[in-house]
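Let's take a walk through this protein model together, strand by strand. Keep the picture open beside you as you read.

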Amino acid sequence: MASNPKHSVSVAGIVVDDQERILVIRRNDNGRWEPPGGVLELDESFEEGVRREVFEETGATVAVQELTGVYKNLPAGIVALVFRCTHESGQIRPTAESRDVRWMTREQVATSMTPAFAVRVIDALDGGVHVRTHDGTNLISSDD
């Protein structure tokens, strides 16, 4: 009998301010600009995971609003659930997991992030729930 494939589940927060800017981090491990997020822990809800990850990576406390997309990194077996959020409180700052944290416009996101991560931000700004697959960098398929 073949064994079942193993997947991990991650969550990310697309934190949007009143000027439609998005809170992003430059990751310490690979230097890439991405929305804050990471692996969901076994004992937490999706929303708890988003709040924890955003706080750990930016110092911000957020209100989780709605699911905006489901994304699968096919080679890595990672399924990411992405939620739109608003900033509630907390001093935005780099942390042990992020070397830089800043607010970016939609245009800055499109030119600063790999396509697999930029699309998550664009999807959250455009509304609806999107389902896409990627190879870790580039989109393979999308719902559009």
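Strand 5 and strand 8 (residues 130-134) run parallel and are joined by five bridges. Within that pairing, Tyr 71 sits opposite Arg 132 in strand 8. A word on terms: two strands count as paired if DSSP finds at least two bridges between them. Helices (H or I, at least four residues) and strands (E, at least two) are DSSP runs, numbered from the N terminus.

Before going further, know that this is a predicted model: local features need pLDDT of at least 70, side-chain atom pairs count only at pLDDT 80 or more, and totals for chains, interfaces and linings use all residues. Residues are numbered from 1 along each chain as its sequence is written, and side-chain values use heavy atoms, with hydrogens and water left out.

**The six-stranded sheet**

So where does that pair belong? Six strands make an open sheet with mixed pairing, in the order 4-1-6-5-8-9. Strand 4 (37-39) and strand 9 (139-141) are at the edges with a single partner strand each, so one side of each has no neighbour in the sheet. From one strand to the next, the twist averages 35°. (For angles, axes are lines fitted to C-alpha atoms, for helices over the stretch in contact, and the angles run from 0 to 180 degrees between N-to-C directions.)

Strand 5 also pairs with strand 6, and those two form a hairpin with four residues between them. In the turn you'll find Gly 77, with a positive phi of about 70°. Glu 66 has Arg 84 in strand 6 as its bridge partner. On the strand 1 side, Ala 12 stands opposite Val 82 in strand 6.

Here are some of the pairings in the model:

| Strand pair | Sense | Bridges |
|---|---|---|
| Strand 5 and strand 8 | parallel | five bridges |
| Strand 5 and strand 6 | antiparallel | eleven bridges |
| Strand 1 and strand 6 | parallel | eight bridges |
| Strand 2 and strand 7 | antiparallel | six bridges |

Helix 1 (residues 46-58) lies across strand 1, strand 4, strand 5 (61-73) and strand 6, and runs at about 65° to strand 1.

**The three-stranded sheet**

There is also an open sheet of three strands, ordered 3-2-7, with antiparallel pairing. Its edges are strand 3 (33-34) and strand 7 (98-104), each with a single partner strand, so one side of each is left without a neighbour in the sheet. Between strand 2 and strand 7, Leu 23 has Trp 103 as its bridge partner in strand 7.

**What's inside**

In soluble globular proteins, nonpolar side chains tend to be buried together. The largest nonpolar core here has 19 residues, and Ile 14, Ile 22, Val 24, Val 109, Met 113 and Val 121 touch the most other members. Strand 1 (8-15), strand 2 (22-27), strand 6 (78-89) and helix 3 (115-126) each give two or more residues to this core. Helix 3 provides the largest share, seven residues. Apart from that core lies another one of 14 residues, including Val 11, Ile 25, Ala 60 and Phe 83. A nonpolar core is a set of buried Ala, Val, Leu, Ile, Met, Phe, Trp, Tyr and Cys residues joined through side-chain atoms within 4.5 Å. Buried means under 20% relative accessible area, exposed over 50%, and partly exposed in between (1.4 Å probe, protein chains only).

What does Ile 14 contact, leaving aside its neighbours within four places in sequence? Among its contacts (heavy atoms within 4.5 Å) are Ile 22, Pro 35, Val 82, Phe 83, Arg 120 and Val 121.

**A look at Ser 89**

Ser 89 has its place in strand 6. Is Ser 89 buried or partly exposed? Ser 89 is partly exposed, with a relative accessible area of 35%. Not counting residues up to four places away in sequence, Ser 89 touches Gly 59, Ala 60 and Thr 61.

**The whole chain**

The chain has three helices and nine strands. Of its 144 residues, 46% count as buried. A compact globule with 144 residues would have a radius of gyration near 15 Å, and the chain's 14 Å agrees with that. (This radius is taken over C-alpha atoms, and the globule rule is 2.2 Å times the number of residues to the power 0.38.) Along its principal axes, the C-alpha trace spans about 50 × 35 × 30 Å.
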